[in-house]
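Visitor: I have a protein on my screen and some questions. Could you walk me through the structure?

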Amino acid sequence: GPSLSLKIADGPANINFKGFGIGNGLSSQFYNDQSLVFFAYYHGLIGDTVWANLNSYCCSYGSCNFNSNNNYYCQQSLAEVYKVIYRSGLNLYSLYMKCAGGVQKYFGRLDA
């Protein structure tokens, strides 16, 4: 992915590196929405309180529905996740690198 490509491009080998491709960037809206919530939590973008709310309101019997859940509180919890993911200036293709242009100072880990 992007992180490995950067390592190769910046590495000591003399490689004529022109770019990289991402296959199947979005193959399923359902699985994208499902995995995005886990991505946010396991990368420390949302806190334990939001995660607990997601598990309480969006999950039952060991299965979670973050894609088409009609529970009002689930939707509110998901809105918190999407706010962090889509409105905080994150570079989703290279999460741990600095963002070009910087990030507004009032964004950070969400633990509401």
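**A walk through the model**

Guide: Let us start inside. Ser77 is buried, with a relative accessible area of 6%. Keep in mind that this is a predicted model.

Visitor: Where does Ser77 lie, and which residues is Ser77 in contact with, leaving aside neighbours within four places in sequence?

Guide: Ser77 lies in helix 4. Its relative accessible area is 6%, and buried means under 20%, so Ser77 counts as buried. Leaving aside neighbours within four places in sequence, the residues in contact with Ser77 are Val50, Asn53, Leu54 and Tyr57.

Visitor: What separates the C-alpha atoms of Ser77 and Trp51?

Guide: Along the chain, Ser77 and Trp51 are 26 residues apart. In space, their C-alpha atoms are separated by 8.4 Å.

Visitor: Let me step back. In what order do the elements run?

Guide: The protein has four helices and two strands. Start at the N terminus and read along. The order is α-α-α-β-β-α.

Visitor: How do helix 2 and helix 4 pack: roughly parallel or roughly perpendicular?

Guide: Helix 4 covers residues 72–87, and its axis is 10 Å from that of helix 2. The angle between them is about 75°. Angles of 65 to 115 degrees count as roughly perpendicular. Helix 2 and helix 4 are therefore roughly perpendicular.

Visitor: Which residues make that contact?

Guide: Take each helix in turn. Helix 2 brings Asn32, Asp33, Leu36, Val37, Phe39 and Ala40. Helix 4 brings Leu78, Val81, Tyr82, Ile85 and Tyr86.

Visitor: How many salt bridges does a search of the whole structure find, and which side chains meet there?

Guide: The search finds one salt bridge. Its N to O distance is 3.3 Å. The cut-off is within 4 Å, so the pair qualifies. The side chains that meet are those of Lys83 and Glu80.

Visitor: How are Lys83 and Glu80 placed along helix 4?

Guide: Lys83 is partly exposed, at 34% relative accessibility. Glu80 is partly exposed too, at 25%. They are three residues apart in helix 4, so their separation is about one helical turn.

Visitor: Is Asn65 buried or partly exposed?

Guide: Asn65 is found in the loop between strand 2 (63–64) and helix 4. Its relative accessible area is 23%. Buried means under 20% and exposed means over 50%, so Asn65 falls in between: partly exposed.

Visitor: How far apart in space are Asn65 and Phe30, C-alpha to C-alpha?

Guide: Not counting residues up to four places away in sequence, Asn65 touches Phe30, Gln34, Cys58 and Cys74. Asn65 and Phe30 are 35 residues apart in sequence. C-alpha to C-alpha, they are 9.0 Å apart.

Visitor: Now the surface. Which residues form a nonpolar patch there, and what is their accessible area together?

Guide: The patch is formed by Leu4, Ile8, Ile15, Phe17, Phe20, Ile22 and Tyr93. One of them, Ile22, lies in the loop between helix 1 (2–10) and helix 2 (29–42). At 49% relative accessibility, Ile22 counts as partly exposed. Together, the patch residues have an accessible area of about 710 Å².

Visitor: Last one. What share of the accessible surface of the protein belongs to carbon and sulfur atoms?

Guide: The protein has 112 residues, and 24% of them count as buried. Its accessible surface comes to about 8,000 Å². The share that belongs to carbon and sulfur atoms is 52%.

How values were computed: Residues numbered from 1 in each chain as written. Predicted model: local features only at pLDDT ≥ 70, side-chain atom pairs only at ≥ 80, totals over all residues. Heavy atoms only, no water. Patch = residues over 30% accessible without salt bridge, like charges linked within 9 Å, V, L, I, M, F, W, Y side chains within 5 Å. Areas by Shrake-Rupley, 256 points an atom, 1.4 Å probe, with all protein chains shown as cover. Buried < 20%, exposed > 50% of the residue type's maximum accessible area, 1.4 Å probe, protein only. Axes fitted to C-alpha atoms, helices over the stretch in contact; angles between N-to-C directions. Parallel < 35°, antiparallel > 145°, perpendicular 65-115°, else oblique. Contact = heavy atoms within 4.5 Å.
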